[in-house]
Amino acid sequence: MSTSAELLELSRRTLDALPTGWTGDVRVLAERWGTMRFAVGRLSQPHLEEGQYVSLRVVHDHQVGVAATSDLSRAGIRRLVRTAQGLARVAPPDEKFPEFAASTGRVRATAYSATTARLSPEAQARLAEAALSGARSVQPEGRIAGVVNVGSEVLALANTSGLERVAPRSAAQISVLVDRPDLEVPVSGWDEGAHWDADALDAARLGRAAAERVPRGRAESAPAGRYRVVLSGPAVSDLLGFFAHLGFNSRGAEEGWSCLKNRRGKRVAPTFVDLADDGTSPRSLPRSIDYEGTPKRPVRLLDHGTAGPPVSDRRSAARAGTAPTGHGTLPESPWGDWGATPGNLILAPGDASFDDLVRTVGDGVLVTRLHYVRVVHPARSIITGMTRDGTYRIRRGEIGPALRNFRFTESVLAALGSIEQVGRATRRYSDERGGSAVTTPALALGTFHFTSATVF
Amino acid sequence: MDDVLARALRAGHGAGIRRVEVRVSAPSRYESLAVRNGEATSLTRREYSGIGVRALSRRGWGFATTASLAPASVRATARHAARLARSAGRSSREEIPLLEEKGPTRGRYRSTVRIDPFTVPVEEKIALLLETERALHVDPTVKNGHAALQTWVDDTWYADSDGASYRSTITHIGAGVDATAVGSGEVQRRSGPSSFGGDYRQAGWEFVKGLNLPEIAPTVAREALDLLSAPSAPTGRTTIVLGSEQLALQVHESVGHATELDRILGMEAGYAGTSFLRPEDRDSLVYGSPLMQVVADATEPGGLGTFGWDDEGVAARRTPLVRNGRLVGFLSSRETAARVGLNRAGGTSRGDSAARMPLIRMTNVDLLPGDHSFDELLEGVDNGVYFTTNRSWSIDDKRLNFQFGTEVGRRIRHGELAELVRNPIYSGMTPSFWSSMDAVGDRSTWHLWGIPNCGKGQPSQTARVGHGAPAARFRGVAVRGG
């Protein structure tokens, strides 16, 4: 992989190819990721990926064009510039397109692990083997699956406003599933973790924990309905991820489909609930700047339960008349059209142990994890999905027998509004390459709507 | 390109390696054009070249990829794949079975394209999108109009250590519109010709011209407006008729994914999930009504899942999955087919680019047409709901318990379509739902849809797949308004 200086030099060279009168910003991305998948008790799909890409956005007379390529040759860069220019020349003018980010001096350093970035494929494979062994030591009869994701991305960014930055980030993520498809009512257990330093993750322990969570008894049936619930960290992570999109996405705010329309500045959750998006915090998977070069800025999304503003990239901030919060996405990403979305959620811990949460619920359901969650109605924040990998009855303040899975259909705002207690132990969860992360404790909720039950 | 392929094959075929497959993207091109409320939100072209090498040791697979085609990078990548295959082999005591593949092993596949989309001036495309998007603004209540066009041209070379080699150039294109109306405390979105950005096909620019986007846009927008004041969909068990595009997604989620052998064998358990099906269910399990006929057809002209060979060098083929309501086949790879005793692979092993490991992916998984006209489907319904254009979709990890919402519903009264209803949702369990299908629409109701966003795998892959589906009628389905 190229050095940071070489990446920055390539970004300069790309800008130098722009004709006079054109402005632009360029991102050179160098990535190296390993994805060690295991399934049916063996390392099944080990995957190593290395790549370097250039992404260029150009502007002329308020017309914007974007192009990206993996061809880093001189001819490739010349073609990239011509392509972006050609698109810009026919673009409808965007009179509100903002200036590119200016150099603002120092930015807060990110947490980064060079060891993680350099971890060899064999070492990554050994992490997967450790997770397998850990799970097998507890559940020799179980079927074990999961993944170890380890790698890094170096972003070198330059623009015609004089900004030059190099922002590396590293990420590691491990998840383990142990299931028993051989049982009359199949059951499963799950654990996962993420960190910017692979050394901070104990693969064997995650494997053991997943196996220990496989219910021992036969899973029982329970009728659909409203229940008091404890949501474990992975389930809360999903819930907050959807809340971030439905409530704090810049496009949702602009277009009127945000579930927080007319509710900003108002209390939507109990006063002991504080949710931030903080891409600078080592408690998340931090990076110093976004893909436009704007320094990451913490945003209070729920301040003592009161809804804050949406996050923004430069374009949405200019339209809203606010300062950008550092949530610019890759301009060539098809997902960029979704607008700026929080990607480093941190829910402040409370003071309850996990047992306290279960006691608070008294009679209800413990949910380990959600599956295939989709938006039913964005403005009402209604989502639907399934429970998965460990759903239990809570009786008289204690965890009882395993339950067959439920489908839920619930308003995220209603769920958050019913939070009764926040756990004190937090954990970091992330997508496969650490592009977004949620750091959260478990929660006790007063109500959660399970709309159907299943036979498994 | 032959030298790149040969270099990778040589470097990957080291000690302990049984098989090497090499794919080179050279290049894959993608164009995304989109306008929203008169402004461009995406004017993007992306080009990717790179190589992916998959190696098989006696007991494990390994895959490595790089975006550099420089000789040293190619050799290093192939060696990484081999090292990973050996590492994987150490974690298992079981040999990976693999079906032999006989047939044409060299060739050229090229999409049938009348007008190459990349030769059409971008001005012309933007003009079409702007005209279309303007046509959505039929009322100030339409707060957002959006028109988008996406094109992919993938030029891929393949070679493997058994001597197979081919080149394929596949063009996919699609476009669509959507309008969001906001008013009276309600938000309603309507899209056309389908959700997920419209409709897609393996074709050229002529397909987009044929979508008549400026003509359909006002109708799409007016329905979004009408939905603002429409009553909520009813709640209870009733007869429903699913429109072709919603039934396509129903097939995708509850038949396509469920019949993937990697899911069935637990190889996707840690992420996408498994399936309620078991290998021994083939030829015995009743999937649904005797009217249910489903095939996976990678030879279907124009489908997003149509190709010459899959990424294991298996020629495209048509595989029956459900015949007269009974499960008769699976989507399979060479390994999974061997594991369950099939006598040939399904030819469905595909990566979404050379940079991704091949996985079992849907090709064109079609529900075949029946013999009812659309009017005849309605005739049998005194009181029911017609569902069209997907809005939300969710199904459990075994592909049993599903809930789908559509953008629009219409009451069916006395055999005719009646008033609009908003936020309609239906739900069910896969086999009982398909068993409730009592009438299937004929060819006039059937359409080959393109779905460009099928996610699977780690690292994540986005496959473009096809689904042909008619309209169909189902009895006693749980329905409610959201």
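This is a short talk about two contact surfaces of chain B: the one with chain A, and the one between its own two domains.

Okay, so, before anything else: what you're looking at is a predicted model. Keep that in mind for every number I throw at you.

Let's start between the chains. How many residues of chain B are in contact with chain A? It's 81, and they touch 76 residues of chain A. The buried area there is about 6400 Å², and carbon and sulfur atoms give 51% of that. If you want names on the chain B side, B:Leu43, B:Glu47 and B:Gln458 lose the most area to chain A, though together they make up 10% of what that side buries.

Now the polar side of things. The rule picks up ten salt bridges across this interface. One to click on pairs B:Glu335 with A:Arg42, side chain to side chain, at 3.3 Å from N to O. Polar contacts come to 38 residue pairs, with both partners at pLDDT 80 or more. On chain B, the element giving the most to this surface is strand S2, residues 39–57, with ten residues. And by class, the chain B side splits into 32 nonpolar, 27 polar and 22 charged residues.

There's strand pairing across the chains too. Strand S2 of chain A, residues 42–60, runs parallel to strand S3 of chain B, residues 61–66, and four bridges join them. To find the spot on screen, look for A:His47, which sits opposite B:Phe63 in S3 of chain B.

Right, now inside chain B. The chain is divided into domain 1, 2–228, and domain 2, 236–481. Taken over C-alpha atoms, their centres are 21 Å apart. In this case 51 residues of domain 1 are in contact with 51 residues of domain 2. About 4300 Å² is buried between the two domains, with carbon and sulfur atoms giving 53%. Which residues of domain 1 lose the most area to domain 2? Those are B:Leu99, B:Glu101 and B:Phe196, together 18% of what that side buries.

For charges, the count between the domains is nine salt bridges. B:Glu407 and B:Arg189 form a salt bridge, with their closest N and O atoms 3.8 Å apart. On top of that there are 30 residue pairs in polar contact, again both at pLDDT 80 or more. The domain 1 side of this surface has 20 nonpolar, twelve polar and 19 charged residues.

That's what I have, so over to you.

How values were computed
Residues are numbered from 1 along each chain as its sequence is written. Chains are lettered from A and ligands numbered from 1 in the order in which they are written. This is a predicted model: local features need pLDDT of at least 70, side-chain atom pairs count only at pLDDT 80 or more; totals for chains, interfaces and linings use all residues. Side-chain values use heavy atoms; hydrogens and water are left out. Contact means heavy atoms within 4.5 Å. Buried area is the accessible area (1.4 Å probe) that two parts lose on being put together, summed over both. A salt bridge is a side-chain nitrogen of Lys or Arg within 4 Å of a carboxyl oxygen of Asp or Glu. A polar contact is a pair of N or O atoms within 3.5 Å; within protein, one must be able to donate a hydrogen and the other to accept it, and residues adjacent in sequence count only if both atoms are side-chain atoms. Helices (H or I, at least four residues) and strands (E, at least two) are DSSP runs, numbered from the N terminus. Ala, Val, Leu, Ile, Met, Phe, Trp, Tyr, Cys and Pro count as nonpolar, Asp, Glu, Lys and Arg as charged, and the others, Gly among them, as polar. Two strands pair if DSSP finds at least two bridges between them. Domain bounds come from an automatic or database domain assignment.
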